[in-house]
There are 2 protein chains.
Amino acid sequence: MNDEPKSISIKDIAEALNISIGTVDRALHGRRGVSEKTKTRVLKTAEQMGYKPNLAAQALKLNRRISIGVVLPKHISYFFDPLRAGIRAAAGAAMGSQISLEFHEYPRIGSGDIEALEAAHARKYDGLIFLPGDIQRFSPLIRKISRSGTPMMCVGSDAPDTGRIGSVSAHAYISGSIAAELLAHKLPRKANVAILTGELSTLDHAEKLSGFAATLAIQAPHLTLMPTLEGHEKPKEAYRQALTLMRQKDRPEGLYLSTANSIAVIEALEELGLLGKVQVVATDLFQDLATLIKSNKILATLYQRPFTQGKVAFENLVAYLTRGNLESPVVQLAPHIVLRSNLPLFASRISETDEGEPESDSLE
Amino acid sequence: MNDEPKSISIKDIAEALNISIGTVDRALHGRRGVSEKTKTRVLKTAEQMGYKPNLAAQALKLNRRISIGVVLPKHISYFFDPLRAGIRAAAGAAMGSQISLEFHEYPRIGSGDIEALEAAHARKYDGLIFLPGDIQRFSPLIRKISRSGTPMMCVGSDAPDTGRIGSVSAHAYISGSIAAELLAHKLPRKANVAILTGELSTLDHAEKLSGFAATLAIQAPHLTLMPTLEGHEKPKEAYRQALTLMRQKDRPEGLYLSTANSIAVIEALEELGLLGKVQVVATDLFQDLATLIKSNKILATLYQRPFTQGKVAFENLVAYLTRGNLESPVVQLAPHIVLRSNLPLFASRISETDEGEPESDSLE
DNA sequence: TTGAAAGCGCTACCAA
DNA sequence: TTGGTAGCGCTTTCAA
């Protein structure tokens, strides 16, 4: 129970000490021009009186109009659209909405990403939210921009040791781990399982694979992990790989789709009449996947909570910009395990299946 | 891309229209004392110029020191302690922390709850956060306090049709539904399953039971739901019921513990040598449960995210108090499905197993 | 080293 | 129906 009949201000402190409010302000903020003696006196009485700065007044006076640039790909829209929405929501709720937001977009990871980030940097925002794509290519740029004084906040993935101030993402290793455990529960006897992995971010996919493999080894030694199929950036490629995989005689009975192109793989399964016979754990959530879960065609999907990622990334960046530090710089969200039973809870967050790859080879 | 070189104020609008800022303010807020004509003119130019109120200035001027009372039980601490922590965290992050918080506690649901709420009401807070216990007993009081003008925010459960402004809880029906689906996945053949339900809140437990039963019927017709064991408020009672249940010849192979006394049931299972042989889905998360999950003794637990519940309840109450309305009054969170694989993600949120029932009959 | 005072954008009150 | 103005708590500049 904290009883403060009325909040006390620097004026109260000034009066109690018979000094001016200017001096109190200087002492409180450790600015130069105060004698050590008065400074400690002020600090002590402030403590005693339970002084807390009035943030409204502070904000009003300083009236710093924070500008934030957001650099994210268009594709995959069912992931990045809600992520952007989360950023917008957080910005709307933030004090004053005095914060200006600008969104920069590029087609997809690996195509125009570096350029977009450089362009954004040129606009000299107070802070930057961005997706670190291919770490190898991004790292030098992140380091450069960070050193130039612009706080960088990673979202969707992380880029450690680059000077970025923090990151928000779904826990990739544990995503893989969950997928393995779910498959293990559904496949009680000896069987093969496989992982199909892909774009988004190299780092995250490596992590997911690690988690998947490690958990299989520990919790489900009866399941054998087949050679990983990786690097299909395009649906058609994913489709072909899936067909080949599922036609071989030791075909897997469980599949972990950590890729964005899960629909292409699903189509391959359907064509072979294996949909519903093979246990599938997918990633992310969109309309077509929801339908498949509802009809028991796939077991589960691991929802990476893009909306929350955007929201938290924004909040943390603003916290850093205003308060100057971050209590937990690296946030790794718990992915939601979406099954048939809890699917309705995510209905409001489901977006259309991503259409758009006009320039790539589409799936028929 | 929104470019606003500098944010515009009511002064700008006033100058543009050659009127005083007082008039602009009146028009903008629909206060009386403005002609319809000037009002529409102001509204239109405000729209055109893209006026957004400076919330800092507004807050500074109004300087309303919002007071919020929180009325929650001590027991069960592993649920209500993090819930309180969530409220505190949200209060700390809120603009100015100009909001005063007071916590009221009572031993447990049904013992001193009504009295505590009445006592809190007597302190005339601007808003109240509380757990609606037994709906039958609470409803009249909630209605009364609401009508007296104090906004009431339910947390942990809901109390519909009482005049409360909103609620935050885990989705009880879907919790039951998830439990059924998890058991169905692990028990592929004909078997009996049972639910042990208990205190917390009557409404929620009925909901969990509904979800469990309905999902069993639809998704797992091969599983038979045995008569529900309900109403054991005390560990010893839960323990006895569990012993009796598991000793009968058609004993269940799957158990859903929607009760707070899961540990007592677990002890019964252990005694009978059934721990690990019977599939168990529990509720909430605390140290002993975490240990059991880690060692594969129980399948999963449904984490009701008390911290988040507290945080959201506070944020929504404050939003209501300041902005006057709520976009989504009833929030039903998706419970986290905690398995062995994703347990580490929740480690930081795990509290000690609740000890405290000095006055009740303890378990040996 | 310290004091005095202006002013951030807004609300509310009093006067016209 | 309108205009004018004090002042919320803070930062900052200019004088002393």
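What follows is a chat between a trainee and a mentor about this predicted model.

Trainee: Before we dig in, what are the ground rules for this model?

Mentor: It is a predicted model, where local features need pLDDT of at least 70 and side-chain atom pairs count only at pLDDT 80 or more, while totals for chains, interfaces and linings use all residues. Residues are numbered from 1 along each chain as its sequence is written, chains are lettered from A and ligands numbered from 1 in the order in which they are written, and side-chain values use heavy atoms, with hydrogens and water left out.

Trainee: Cool. Which rotation superposes chain B on chain A?

Mentor: A rotation of 180 degrees, with 0.2 Å of shift along its axis, and the RMSD is 0.3 Å. That is the relation of a two-fold axis. The fit is by least squares on the C-alpha atoms of residues with pLDDT of at least 70 in both copies.

Trainee: And which residue of chain B comes closest to that axis?

Mentor: B:Ala56, with its C-alpha at 2.2 Å. As for the interface, 100% of the interface residues of chain B are also interface residues in chain A, so the copies meet through the same surface.

Trainee: Switching topic: how is chain A divided into domains?

Mentor: Domain 1 covers 10–53, domain 2 covers 63–169 + 306–333, and domain 3 covers 172–303. These bounds come from an automatic or database domain assignment. Between domain 1 and domain 3 of chain A, the C-alpha centres lie 62 Å apart.

Trainee: What does UniProt list for residues 8–62 of chain A?

Mentor: An unreviewed entry there gives "domain: HTH lacI-type". UniProt positions are in the numbering used here, feature names are shortened, and annotations may be inferred rather than shown by experiment. In the model, residues 8–62 of chain A are 69% helix and 0% strand, with the end C-alpha atoms 20 Å apart. Helices (H or I, at least four residues) and strands (E, at least two) are DSSP runs, numbered from the N terminus.

Trainee: Is strand 1 of chain A buried or exposed?

Mentor: Seven of its seven residues (67–73) are buried, so strand 1 of chain A is largely enclosed by the rest of the structure. Buried means under 20% relative accessible area, exposed over 50%, and partly exposed in between, using a 1.4 Å probe and protein chains only. Both faces are covered, with A:Val71 among the buried residues on one side and A:Ile68 among those on the other.

Trainee: So which strands does strand 1 of chain A pair with?

Mentor: Strand 2 (residues 100–106) of chain A runs parallel to strand 1 and is joined by seven bridges, with A:Val71 opposite A:His104. Strand 3 (residues 127–130) of chain A also pairs in the parallel sense, over four bridges, and there A:Ile68 stands opposite A:Gly127. Pairing needs at least two DSSP bridges between the strands.

Trainee: Over to chain B. What is the strand order in its six-stranded open sheet?

Mentor: The order is 7-6-8-9-10-12, and the pairing is mixed. The edges are strand 7 (223–225) and strand 12 (336–338) of chain B, each pairing on one side only. Strand 10 (residues 300–303) of chain B runs antiparallel to strand 12, with three bridges, and B:Leu302 stands opposite B:Ile337.

Trainee: Where is B:Thr301, and what does it touch?

Mentor: B:Thr301 is in strand 10 of chain B, and at 0% relative accessibility B:Thr301 counts as buried. Not counting residues up to four places away in sequence, its contacts include B:Ala282, B:Leu289 and B:Ile337. Contact means heavy atoms within 4.5 Å.
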